[in-house]
Amino acid sequence: MEPIPVRVGESMPLYEYACLDCGERFDTLRAMADADQPIACTTCASQHTSRLISLFAAHSEGRVVAGDGGGGCAGCSGGSCATCH
Ligand SMILES: [Zn+2]
């Protein structure tokens, strides 16, 4: 029997974006085809956002390098992104 390879995020990679208006950083799962489409800021709803380097590689090591131990979740520093409750 061959092991079934598990490739989490292969079809829906995690992309990180930064809002150019309020500085918020947030990440979202999107299809690769949509990666460069405009996305609204989760905080101020501005579409003036920029895609950052994918967190893909970081996730393969079991940790998110974007986290800095501050407030909020691993995906943001303000505790106000979609990943935070
Ligand atoms: Zn914003």
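**Notebook: a β-β-β-α chain**

Going along the sequence, I read the pattern of the protein chain as β-β-β-α, that is, three strands and one helix in total, where helices (H or I, at least four residues) and strands (E, at least two) are DSSP runs numbered from the N terminus. I keep in mind that this is a predicted model, in which local features need pLDDT of at least 70 and side-chain atom pairs count only at pLDDT 80 or more, while totals for chains, interfaces and linings use all residues. Residues are numbered from 1 along each chain as its sequence is written.

**Confidence**

I looked up the pLDDT, the predictor's confidence in each residue from 0 to 100, and found an average of 75 for the protein chain, with 58% of the residues scoring at least 70. Residues 57–61 have a pLDDT below 50, and beyond near neighbours in sequence this stretch has six contacts in the model, a contact being two residues whose C-beta atoms, placed from the backbone, lie within 7 Å. I note the general caution that predicted coordinates should not be read in detail where pLDDT is low.

**Whole chain**

I then checked burial, counting a residue as buried if 20 or more other C-beta atoms lie within 10 Å of its own, exposed if 12 or fewer, and partly exposed in between, with C-beta atoms placed from the backbone. By that count 16% of the 85 residues of the protein chain are buried. Of the contacts between residues at least 6 apart in sequence, 43% join residues at least 24 apart.

**The sheet**

In which order do the three strands of the open sheet lie? I find β2-β1-β3, with antiparallel pairing, where two strands pair if DSSP finds at least two bridges between them. Strands β2 and β3 (49–51) are at the edges with a single partner strand each, so each has one side without a neighbour in the sheet. From one strand to the next the twist averages 35 degrees, with axes as lines fitted to C-alpha atoms (for helices over the stretch in contact) and angles running from 0 to 180 degrees between N-to-C directions.

I went through the pairings of β1 in turn. Strand β1 (residues 14–19) pairs with β3 in the antiparallel sense over three bridges, and I located Arg51 as the β3 bridge partner of Tyr17 and Ser50 as that of Ala18. To β2, strand β1 is joined by five bridges, again antiparallel; here Tyr17 has Phe26 as its bridge partner, and Tyr15 stands opposite Thr28. The hairpin of β1 and β2 has five residues between the strands, and in it Gly23 takes a positive phi near 85 degrees.

**Two residues of β2**

I looked at Thr28, which is found in strand β2 (residues 25–29), and asked which residues it contacts once neighbours within four places in sequence are left aside. They are Tyr15 and Ile39. Thr28 counts as partly exposed because it has 18 C-beta neighbours inside 10 Å. Its C-alpha atom is separated by 8.5 Å from that of Ala82, 54 residues apart along the chain.

Leu29 also lies in strand β2, and I wanted to know whether Leu29 is buried or exposed. Leu29 is exposed, because 11 other C-beta atoms are within 10 Å. Leaving aside neighbours within four places in sequence, Leu29 is in contact with Met12 and Leu14, and the C-alpha atoms of Leu29 and Leu14, 15 residues apart along the chain, are separated by 4.5 Å.

**After the helix, and a loop**

I followed the chain to Ala82, in the segment after α1 (56–59). Ala82 counts as partly exposed because it has 13 C-beta neighbours inside 10 Å. Not counting residues up to four places away in sequence, Ala82 touches Phe26 and Thr42, while from Ala82 to Thr43 I read 9.2 Å in space, C-alpha to C-alpha, for 39 residues in sequence.

Last, I noted Ala45 in the loop between β2 and β3, where it has a positive phi of about 65 degrees although it is not a glycine. Ala45 counts as exposed because it has 10 C-beta neighbours inside 10 Å.
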